[in-house]
Amino acid sequence: MTRGGLSRAGVLAVVLAVLPLALPQHWVVSMLVFTVMYAALASSWNLIGGFAGYPSLGHAAFFGFGAYTVALIFPNTHNLSNGLLPFAILPGIAVVAGLIGLPIGAIAMRTRADVFAIVTITLLFVAQTLALNLRSLTGGAQGAGVAVPPFDVANFERPFYYAMAVLLLVAMGAGWYSQRSKIGLSLAAVRADEDKARGIGVHVTGVKLLAFSVSVGITAMIGGVWAYYVDFVYPQFAFDPLITIGMVLMAFLGGRGTLWGPVIGAVVLVPAQQYLAYELGGSQLYLIAYALVFLLIMRFLPRGILPTLTHLRRRRRLIAAADPAPRTAAAELGLAHDGQGGARV
Amino acid sequence: MKVSALACAAGLVLAGCGGSHGSAGGASKTLTIGVSLSLTGDFADPGKAAQRGYQLWADHINAAGGLLGKKVTIKVVDDLSSPTQVVTNYTNLITRDHVDLVFGPFSSLLTAPAGQIAKRFGFSFLEPAGGGPKVFAEHLNNLFFVQPAPVVASGQVFADYILSLPAAQRPKTAAYPSLDDPFSAPIADAIRARFEAAGIKTVYQGLYPAEAPDLTPVMAKAIAGNPDVIVSGSQSTDAYQQVKALIQLKYSPKFMFMSNGANSPVEFPDKVGANNTAGIFSAGDWFDGSPEPGSAQFTTEYTKKYGGTGQQIDTNSAEAYACGQLLEQVAAKTGKVDNATIISTLHSGAWPTLLGSLSWDADGSPKGTFHLVQWIDHQLLPVFPAATAKHTPLLTKPAWNG
Amino acid sequence: MHTIIQGVILGILTGGVYALMAGGQTLIFGIMKVVNLAQGAMVILSAYLSYTLFTSAGIDPFLAVLITTPAMFCLGVAVQWLFLRQLRREDAAELSILVTFAIALAVEGVLSVVYSTSYRSINASYANTSFTVGGYQVSAVRLYAFLLSVGVLGLLYLLLHRTRFGRAVRATVQNPEAARLLGVEPARIRALGFGLGTATAAAAGSVFGLIYPFNAGSHYDLISQLLSVVVLGGLGSLGGAVVAGVIIGVSSSVVAVAWSPTWSQFTFFVVLLAVLLIRPRGLFGTVLRGAL
């Protein structure tokens with residue numbers, strides 16, 4: 001299993017590395033930047049929202065934190081001699097965001113499920129209001145310009161793409177590790193039944209906080225790269241509920257709590273969204289088309305693309321097996337519903 | 001799985017390639033101009049007004065044989081008011097559809113990211129919206145804000161008018177309720193600085209957020225000190241809400257200036273009631289009956305194509321149209337409309353448009369002034385400066401009526 | 001002081017409207033654990049319906065409620081039947097967030113095609129009227145809106161507590177299996193419950209359109225506001241929604257007057273956070289069952 005995982009990771013790394021070389025047009029690479037960005041966001045969200053079962057809607061607060069940190073350390077008055085400098089501070093941003101995340105996570109994770117979702121989205125609005133109101137620090141509603149990247153025009157998008165790709169690998173690596181390690185087992189126990197997990201001696205609070213902290217740390221780094229790429233941040237765009245909703249949607253769509261689900265969700269949704277807005281925007285049909293894609297997927301693949309496919313494959317195998325007794329099949333189905341173990345690819 | 005999915009997505013994207021071909025290079029018979037506008041969401045209204053202006057100019061120039069003999073087409077895409085999408089859109093327009101030129105986006109919050117992309121690829125960037133101070137702080141030499149003055153200075157004409165009055169007629173106290181956004185609050189701040197220097201006392205000054213659903217508490221506080229003049233740094237719907245709140249609070253100030261919203265000739269009377277508009281000041285760069293070059297023709301063509309009357313034309317349409325007029329003049333003067341020529345040509349001299357004569361500093365900030373407009377007898381008329389005025393200003397705002 | 005009392009009056013009237021908008025949402029959550037992000041879009045849709053009835057047929061928005069309510073009820077039942085029915089109960093609460101968000105986008109999309117995206121407002125003859133009571137201004141529209149909200153919520157309460165249908169609904173909430181044994185069909189109750197929750201958006205839409213300018217995108221602002229009301233009051237608690245609506249209305253307008261509107265939202269969310277941390281189920285929420 002581990003060998004399979006490693007080889008898949010190798011393939012992913014190679015594909016990510018080669019993609020912009022194979023498709024070097026600016027517009028393709030630019031779209032790849034955002035696709036990989038959302039894949040990374042959804043994967044980092046998945047650490048807490050999927051594996052631990054805490055559906056945070058507040059991750060955009062940390063995305064915005066990372067974005068504003070880059071914008072304030074490298075304002076547009078700053079003449080960058082080395083364009084890679086803003087990337088160099090990302091680990092620092094991750095550490096600070098992770099530390100900020102500790103007390104926030106500790107307080108928020110006293111609640112569960114739906115209430116947790118609301119508490120975290122509240123945090124997002126608190127953060128946005130602070131960015132708007134602390135004018136002397138953030139520039140308030142006027143926004144903040146970021147230093148212009150001094151990259152060669154011909155391959156301008158590449159550094160951002162590779163930064164996002166590395167962050168995706170980090171997020172997936174964290175996901176992979178948490179599935180295989182004792183921490184992963186603890187998280188799965190937390191998701192299944194937190195009280196019972198505590199009862200059997202799992203360090204519930206510890207693993208939850210660790211997962212939350214790592215998750216928001218990665219999210220903050222992604223925000224930093226985004227700010228550097230789009231060049232200008234405003235509170236309503238850096239702390240945007242739609243960014244939260246985007247990452248959650250993609251994780252759900254692909255299959256949350258699975259390693260590859262969030263990536264697949266992003267690969268399907270981001271190009272579709274950007275493409276539809278570009279092509280259909282002028283005719284107002286974009287929203288309808290986007291919503292329909294969405295509703296159809298939810299209607300026919302309600303558990304996410306990956307789990308549904310796995311489930312179908314398993315059922316086909318089962319039906320093909322010698323004993324097609326409906327009862328057994330039903331029992332097997334029920335089993336697949338309960339544990340999501342089968343969904344992990 | 002991942003590989004096939006990616007290939008799938010790439011296929012989806014590439015499939016779109018075949019559909020739309022811009023004209024590449026100067027040899028072709030058409031000239032395509034790409035624009036990203038917010039056609040959904042909060043900025044959809046002004047976005048569509050701008051779209052009408054662009055299209056009208058394209059029709060106008062094509063009827064006259066095109067620009068330097070090339071047929072002009074405008075390619076409009078939607079940016080969903082999202083910086084991520086606007087980056088995608090301008091990158092796509094320039095590197096995928098190979099448009100010849102681009103104009104700036106609406107909403108104005110997206111101007112800076114879009115302007116950077118245009119600069120990177122050597123494109124000129126005429127933009128009719130997005131004149132906040134931070135935009136010019138980006139020092140984009142390819143950017144030209146196609147309005148007579150930067151946003152901060154658009155309310156100066158009201159201060160000029162008030163300070164031109166004899167001391168006895170001037171207001172003594174002022175309130176400044178403003179929307180907390182880059183294009184509203186700075187206008188009220190600039191007026192306040194001049195009023196305070198002239199001894200007009202500030203009795204209220206405050207910001208409200210964009211999502212404030214209700215402005216009655218704000219206005220209740222603003223009028224607590226009985227201000228003679230209310231200077232609103234307003235944008236659109238908040239302007240309507242301010243007026244409705246004042247009506248319900250039964251307070252009518254002697255002077256009222258609203259930076260935006262009140263200068264929307266159709267929406268404003270519709271939202272606050274036509275009888276409540278009387279006496280309200282705003283700032284405008286274009287008005288029906290403006291003597292500036294091309295204005296009369298613009299009005300005729302607009303009403304012919306879209307219906308309505310000249311009074312009902314949104315200034316965003318005129319500003320978008322002016323972008324096209326500038327291209328025409330560059331073409332007439334140099335015989336070329338490539339990006340480098342546009343940038344170098346527009347940076348020198350002054351250019352007559354239907355918004356008046358335009359000229360810019362190195363950062364694209366325009367150097368002119370706005371007109372003061374006022375609602376008089378259900379019409380939005382220029383009242384100051386006297387040279388272009390079509391009516392004398394109403395000295396005292398009539399009471400609310402309805 | 002005068003302005004603060006003026007703020008309180010306004011806050012109470014506005015709070016009633018919040019309660020009306022959130023009432024349907026909390027009801028839907030109570031019946032089927034669906035977090036309905038589409039409620040805001042339904043309110044805006046109803047506002048447009050009311051607008052059309054007013055501008056083309058001259059029907060007063062308060063009367064239009066009699067027409068829009070059944071229409072919204074049918075729409076709600078259809079939406080539940082088409083998109084929510086098949087969600088499995090275990091993750092219905094979380095998946096429903098996605099499904100209802102997509103529905104909200106679809107409604108927004110259709111509205112912006114049909115009505116374009118210009119802001120509309122319903123300009124009834126009394127739109128700008130206000131009464132002077134003891135030196136304070138009370139807006140006529142808001143007063144009527146408040147009364148309508150109280151009326152609709154009262155009817156909803158009676159429906160749930162004094163009718164057979166209400167008993168069946170409450171039985172389903174408390175114990176779907178037992179209710180089924182007693183001859184109540186939970187699937188039917190869920191569809192009717194969603195319809196009922198959506199139907200309250202009709203009255204809310206008329207009121208919203210009279211007070212605020214709106215366009216298809218206006219529902220985004222409503223999502224967080226309505227969620228806040230519902231959660232503060234306690235998910236599933238109708239009475240809680242009323243109390244929470246008034247708290248939100250009053251607190252935001254008092255902070256706006258006493259301090260600055262730019263901090264209204266901040267103050268409110270901090271209060272909400274505090275309440276949730278002390279009482280994770282909200283002010284009137286119960287832990288498990290009998291939420292209605």
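# Notebook: a walk through chains A, B and C

**Entry 1: chain B and its two domains.** I began with the domain assignment, which divides chain B into domain 1 (20-150 + 292-358) and domain 2 (153-286 + 371-388). I keep in mind that this is a predicted model. Next I looked up how far apart the two parts sit: the C-alpha centres of domain 1 of chain B and domain 2 of chain B lie 30 Å apart. For their contact, I found 17 residues from domain 1 of chain B and 14 residues from domain 2 of chain B. On the domain 1 side of that contact, helix 5 (133-136) and helix 12 (315-334) of chain B each supply at least two residues. Helix 12 of chain B has the largest share there, 3 residues. I also sorted this side of domain 1 of chain B by class, and noted 8 nonpolar, 6 polar and 3 charged residues.

**Entry 2: chain B as a whole.** I then stepped back to see the full chain. I noted 13 helices and 14 strands in chain B. Along the principal axes, the C-alpha atoms of chain B fill a box of roughly 70 × 55 × 40 Å. How does the radius of gyration of chain B fit a compact globule of 402 residues? Such a globule would have a radius near 21 Å, and chain B has 22 Å, which agrees. I looked up burial too: 60% of the 402 residues of chain B count as buried. As for contacts in chain B with a separation of 6 or more, 70% of them are between residues 24 or more positions apart.

**Entry 3: where chain A touches chain B.** Here I wrote down that 42 residues of chain A are in contact with 40 residues of chain B. Which helices of chain A each supply at least two residues to this side? They are helix 1 (2-22), helix 2 (26-51), helix 14 (261-280) and helix 15 (286-300) of chain A. Helix 14 of chain A gives the most, with 11 residues. By class, the side of chain A that touches chain B has 28 nonpolar, 12 polar and 2 charged residues.

**Entry 4: where chain C touches chain B.** I turned to the other partner and found 26 residues of chain C in contact with 31 residues of chain B. Helix 1 (2-32), strand 2 (136-139) and helix 10 (238-258) of chain C are the elements that give two or more residues to the chain C side. Helix 1 of chain C has the largest share, 5 residues. The side of chain C that touches chain B divides into 7 nonpolar, 18 polar and 1 charged residues.

**Entry 5: the domains of chain A.** Back in chain A, the assignment gives domain 1 (15-263) and domain 2 (301-345). I noted 33 Å between the centres of these two domains of chain A, taken over C-alpha atoms. In their contact, 11 residues of domain 1 of chain A meet 9 residues of domain 2 of chain A. Helix 13 (residues 241-254) of chain A gives the largest share of the domain 1 side, 3 residues. That side of domain 1 of chain A has 4 nonpolar, 6 polar and 1 charged residues.

**Entry 6: the largest nonpolar core.** I looked for the residues that touch the most other members of this core of 358 residues, and they are Met164(A), Ile222(A), Val233(A) and Val102(B). Helix 2 of chain A gives the most to this core, with 18 residues. I picked Val233(A) for a look at its surroundings. Leaving aside neighbours within four places in sequence, Val233(A) is in contact with Ala67(A), Tyr68(A), Ala71(A), Gly143(A), Ala144(A), Val146(A), Ala227(A) and Ala238(A).

**Entry 7: one residue, Leu19(A).** I found Leu19(A) in helix 1 of chain A. Is Leu19(A) buried or partly exposed? Leu19(A) has 19 other C-beta atoms within 10 Å, and 20 or more would be needed for buried, so Leu19(A) is partly exposed. I also checked a distance: Leu19(A) and Arg314(A) are 295 residues apart in sequence and 32 Å apart in space, C-alpha to C-alpha.

**Entry 8: one helix in chain C.** I closed with helix 2 (residues 39-57) of chain C, which has 19 residues. Helix 2 of chain C reaches 26 Å from its first C-alpha to its last, close to the 27 Å expected at 1.5 Å a residue. This helix of chain C is mostly covered, with 15 of its 19 residues buried. Just after helix 2 of chain C, I noted that Gly58(C) takes a positive phi of about 70°.

Definitions and conventions: Residues are numbered from 1 along each chain as its sequence is written. Chains are lettered from A and ligands numbered from 1 in the order in which they are written. This is a predicted model: local features need pLDDT of at least 70, side-chain atom pairs count only at pLDDT 80 or more; totals for chains, interfaces and linings use all residues. Domain bounds come from an automatic or database domain assignment. Two residues are in contact if their C-beta atoms, placed from the backbone, lie within 7 Å. Helices (H or I, at least four residues) and strands (E, at least two) are DSSP runs, numbered from the N terminus. Ala, Val, Leu, Ile, Met, Phe, Trp, Tyr, Cys and Pro count as nonpolar, Asp, Glu, Lys and Arg as charged, and the others, Gly among them, as polar. The radius of gyration is taken over C-alpha atoms; the globule rule is 2.2 Å times the number of residues to the power 0.38. A residue is buried if 20 or more other C-beta atoms lie within 10 Å of its own, exposed if 12 or fewer, and partly exposed in between; C-beta atoms are placed from the backbone. A nonpolar core is a set of buried Ala, Val, Leu, Ile, Met, Phe, Trp, Tyr and Cys residues joined through C-beta atoms within 7 Å. The expected span of a helix is 1.5 Å times one less than its number of residues.
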